[in-house]
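Visitor: Could you take me on a close look at one part of this protein? I'd like to go slowly and see how the pieces fit together.

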Amino acid sequence: MNILGIESSCDETAAAVVSDGATIRSSVIASQVADHHPYGGVVPELASRKHMEAIVPVVAQALREADIPGDQLDGVAVTRGPGLIGSLLVGFMFAKAYAYARGLPWVGVNHLEAHINSVFLAEPCPRFPFVALLVSGGHTSLYHVTGHTALELLGQTRDDAAGEAFDKVAKLLGLGYPGGRAIDEMSREGDPQRIKFPRAMLKGPKAEFDFSFSGLKTSVRRYVETHPGEGRQWMAHIVAGFQEAVLDVLLHKLLEAGKSRQCKRVVLAGGVAANSRLRARLREEAAAQGLQAFIPPIELCGDNAAMIAGTGFYYLQAGHTAGLGDDVFSRNRF
Ligand code: KG4
Ligand code: ZN
């Protein structure tokens, strides 16, 4: 089954063709990072307009590169939410019209579920069940996963998402937007143990797998105000200390969740899963605790349409299709 996937939930316009939920035939991503950079964050109205400009050429390129003419497609999958409404609408309406015009079945996909299914687009893939940590710019959530479309939420952030904390700290230090990668790179020059920032572990039965990062962000701001300095080394120690605090919490909760659900396998997905130290530490610490870690390749961690096509395949195969009356949603529904 060849599925055309379309993603436009935030600041990337993406299209991909994936066969049987596993083989990527093409994956095209038009990033708007340069357009939003001067504003220090995503400007929703600007994002919608850029999606409008990019959607047709991006889909055409994905079909061309996949070497699959429109008549050899078996279905269309598109991000339905969560995300920016104006952005989501561009991809969703395009997919709806494209599928209708070609008489193809189509389905709306949850962006978070798709991030987790991205782990099935490269070898080695995990077997079910597993515990998955989704860390992106908008979400930080832990799931017990028993099937491609069967996820139980174990916990989530109560305030900022991990990626949001990276972006806010980067902005505070003038490292630009988005800040995750800049902090990742600069941290390699700093000592992660030199400045001890707080780790919000949120203990207790109802909070065991929840997260909170806004206190950490405030603590970094306070440190910068009370310990003024300058130069790359000064900043490298701050970002390394900040990053280590985020990673300690993420790794602790993911590994504890794996053990508590008797899962031998843990999965990491989402934009922050591109973080080099997080990837290395997870592999090492999971192995030390007798768990197997699965992380998608870096190019599948950020927003892409291959994960949407991959997830859509499981729904379409099971006979789930969307109707012309369906709409997008901004906030997550599970
Ligand atoms: O999944 P994603 O591409 O978009 C959302 O669905 O939110 O995640 C974007 C987030 C941003 O906050 C970005 O700063 C962060 O992922 N990110 C990273 C790295 N690369 C991207 N955070 C830490 N280290 C990285 N290397
Ligand atoms: Zn995402």
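**A close look, from the zinc site to the core**

Guide: Let's start at the metal: along the chain, the donors of the zinc ion (ligand 2) follow the spacing H-x3-H-x187-D. That pattern brings together distant parts of the chain, since histidine 111 sits in helix H4 (residues 111-117) and aspartate 303 in the loop between strand S10 (292-294) and helix H10 (306-317), 192 residues apart. Keep in mind that this is a predicted model.

Who holds the zinc? On the protein side, the donors of the zinc ion (ligand 2) are His111 through NE2, His115 through NE2 and Asp303 through OD, at 2.0 to 2.1 Å. The angles among the 4 donor atoms run from 93 to 142°, and the site of the zinc ion (ligand 2) is irregular. Why irregular? Four donors count as tetrahedral only if all angles lie between 85 and 135 degrees, and the upper end here is 142°. Two of the zinc holders are tucked away: histidine 111 is buried at a relative accessible area of 7%, and aspartate 303 is buried too, at 16%.

Now let's move to the largest nonpolar core, which has 46 residues. Leu142, Phe213, Phe242, Val246, Leu250 and Leu282 are the members that touch the most others. Several elements each supply at least two residues of this core, including strand S6 (130-135), helix H5 (162-172), helix H7 (214-226) and helix H9 (276-288). Helix H8 (232-260) is on that list as well, and H8 gives the largest share, 14 residues.

Let's zoom in on one residue of H8, leucine 250. Is leucine 250 buried or exposed? Its relative accessibility is 0%, so leucine 250 counts as buried. Leaving aside neighbours within four places in sequence, leucine 250 is in contact with Leu133, Val135, Thr140, Ala162, Phe211, Phe213 and Leu278. Leucine 250 and leucine 282 are 32 residues apart in sequence, and their C-alpha atoms are 9.4 Å apart in space.

Phenylalanine 213 is a good next stop. Again leaving aside neighbours within four places in sequence, phenylalanine 213 is in contact with Val246, Val249 and Leu250, and also with Thr140, Thr157, Asp159, Asp160, Ala161, Ala162 and Ala165.

Two of those contacts of phenylalanine 213, Ala162 and Ala165, are among the buried residues of H5, along with Gly163, Phe166, Asp167, Val169 and Ala170. What do the buried residues of H5 pack against? They pack against S6, strand S7 (140-147), H6, H7 and H8. After H5 comes glycine 174, with a positive phi near 75°.

That brings us to strand S7. Of its 8 residues, 7 are buried, so S7 is largely enclosed by the rest of the structure. S6 and S7 pair in the antiparallel sense over 6 bridges, and a hairpin joins S6 to S7 through 4 residues. In that pairing, leucine 134 has serine 141 in S7 as its bridge partner. S7 also pairs in the antiparallel sense with strand S8 (residues 150-156), over 6 bridges. Here the hairpin goes through 2 residues, and valine 145 stands opposite leucine 151 in S8.

One last thing to check is the cysteines. The structure holds 0 disulfides. Why does cysteine 10 have no bond? Its closest cysteine sulfur, in cysteine 301, is 16 Å away, too far for a bond. The sulfur of cysteine 125 is likewise too far for a bond, at 14 Å from that of cysteine 301.

Methods: Residues numbered from 1 in each chain as written. Chains lettered and ligands numbered in written order. Predicted model: local features only at pLDDT ≥ 70, side-chain atom pairs only at ≥ 80, totals over all residues. Heavy atoms only, no water. Donors = N, O, S within 2.8 Å, 3.2 Å for Na, K, Ca; no water. Tetrahedral: all angles 85-135°; square planar, octahedral: opposite > 155°, others 65-115°. Buried < 20%, exposed > 50% of the residue type's maximum accessible area, 1.4 Å probe, protein only. Core = buried A, V, L, I, M, F, W, Y, C linked by side-chain atoms within 4.5 Å. Contact = heavy atoms within 4.5 Å. Disulfide = S-S within 2.5 Å. Pairing = 2+ DSSP bridges.
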